[in-house]
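The exercises below are meant to be worked with the sequence and the model side by side. Try each task before reading the solution that follows.

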Amino acid sequence: MPLKSEELFKKMSAGIEKYGPEIVPKVQCVYAFELKEKKSSKPVTFTIDLKNGKGEVRQGKIEGVKADATFVMLDEDFVKLSQGKLKPQMAFMQGKMKIKGNMKAALKFKPSMFPKDAKL
């Protein structure tokens, strides 16, 4: 069964195509999201490259590009996070979101980067 967040990443991809050239110089980080439908499920990875070229969003890893920060969470929690129903700090403190890699890079990724019509 596809993840609910797949639609959100498609919207992000369209946003990166449009706004990537102005976002990339400000952020300069690559993010990976390992999302699971359930805790026992195999993770699905999405990569957001806001470091190279005009930026890119892709399901899976981008060859030759290493993530600066990887967010690990359940799909349902990611959707809540993107809709503003779950605050990033609370998700982290409650163990709903784990971060691997550079914490400083992770802090640059803000919910305001999500498309305005992120409601699914």
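**Exercise 1. A salt bridge between strands**

With which residue does lysine 100 form a salt bridge, and how far apart are the closest N and O atoms?

*Solution.* Keep in mind from the start that this is a predicted model. Step one is to find the partner of lysine 100, which is glutamate 34, with the closest N and O atoms 3.3 Å apart. Step two is to place both residues: lysine 100 belongs to strand S5 and glutamate 34 to strand S1, so the pair ties together parts that lie 66 residues apart in sequence. Step three is to look at the surroundings of lysine 100, which counts as partly exposed because its relative accessibility is 44%, and partly exposed covers the range between 20% and 50%.

**Exercise 2. The other salt bridges**

Find how many salt bridges the structure holds, and describe those of arginine 58 and glutamate 76.

*Solution.* The structure holds four salt bridges, and the one between lysine 100 and glutamate 34 has been treated above. In another, the side chains of arginine 58 and glutamate 56 meet at 2.5 Å, taken from N to O. Arginine 58 is partly exposed at 36% relative accessibility, and glutamate 56 is partly exposed with a relative accessible area of 27%. Glutamate 76, in turn, forms a salt bridge with lysine 80, where the closest N and O atoms are 3.4 Å apart. These two residues stand four residues apart in helix H2, which means that about one helical turn separates glutamate 76 from lysine 80. Glutamate 76 counts as partly exposed at 45% relative accessibility, and lysine 80 counts as partly exposed at 30%.

**Exercise 3. The order of the sheet**

In which order do the five strands of the open sheet lie, and which strands stand at the edges?

*Solution.* Begin with the order, which is S3-S2-S1-S4-S5, with mixed pairing. Strand S3 (56–59) and strand S5 (97–101) stand at the edges, and each has a single partner strand, so one side of each is left without a neighbour in the sheet. Neighbouring strands of this sheet are turned against each other by 15 degrees on average, with direction ignored.

Next, follow the pairings one by one. Strand S2 (residues 44–50) runs antiparallel to S3 and is joined to it by four bridges, and phenylalanine 46 has glutamine 59 in S3 as its bridge partner. Helix H1 (residues 5–27) packs on the sheet, where it touches strand S1 (29–36), S2 and S3, and the direction of H1 makes about 20 degrees with that of S2. Further along, S1 and S4 run parallel and are joined by six bridges, with leucine 35 standing opposite methionine 73 in S4. S4 also pairs with S5, in the antiparallel sense and over five bridges, and there the bridge partner of methionine 73 is methionine 97 in S5. As a last check, note that S4 is mostly covered, since five of its six residues are buried.

**Exercise 4. A helix and its cover**

Is helix H2 largely enclosed or largely open, and what covers its buried residues?

*Solution.* First locate the helix: H2 lies across S1 and strand S4 (69–74), and runs at about 110 degrees to S4. Then count its buried residues: six of the eight residues of H2 are buried, so the helix is largely enclosed by the rest of the structure. They are Asp75, Asp77, Phe78, Val79, Leu81 and Ser82, and their cover includes H1, S1, S4 and H3. Phenylalanine 78, placed in H2 (residues 75–82), is buried because its relative accessible area is 0%, which is under 20%. Phenylalanine 78 and phenylalanine 9 are 69 residues apart in sequence and 11 Å apart in space, from C-alpha to C-alpha. Just after H2, glycine 84 takes a positive phi of about 80 degrees.

**Exercise 5. A nonpolar patch**

Which residues form the nonpolar patch on the surface, and which element gives the largest share of it?

*Solution.* The patch is formed by Met90, Phe92, Met93, Met103 and Leu107, which together have about 520 Å² of accessible area. Helix H3 (88–93) and helix H4 (103–108) are the elements that give two or more residues to the patch, and the largest share, three residues, comes from H3. Methionine 90 lies in H3 and is partly exposed, with a relative accessible area of 38%.

Definitions and conventions:
Residues are numbered from 1 along each chain as its sequence is written. This is a predicted model: local features need pLDDT of at least 70, side-chain atom pairs count only at pLDDT 80 or more; totals for chains, interfaces and linings use all residues. Side-chain values use heavy atoms; hydrogens and water are left out. Buried means under 20% relative accessible area, exposed over 50%, partly exposed in between (1.4 Å probe, protein chains only). Two strands pair if DSSP finds at least two bridges between them. Axes are lines fitted to C-alpha atoms, for helices over the stretch in contact, and angles run from 0 to 180 degrees between N-to-C directions. Contact means heavy atoms within 4.5 Å. Patches are made of residues with over 30% relative accessible area and no salt bridge: like charges are joined within 9 Å, nonpolar side chains (Val, Leu, Ile, Met, Phe, Trp, Tyr) within 5 Å. Accessible areas come from the Shrake-Rupley method with a 1.4 Å probe; for residues, only the protein chains shown count as cover.
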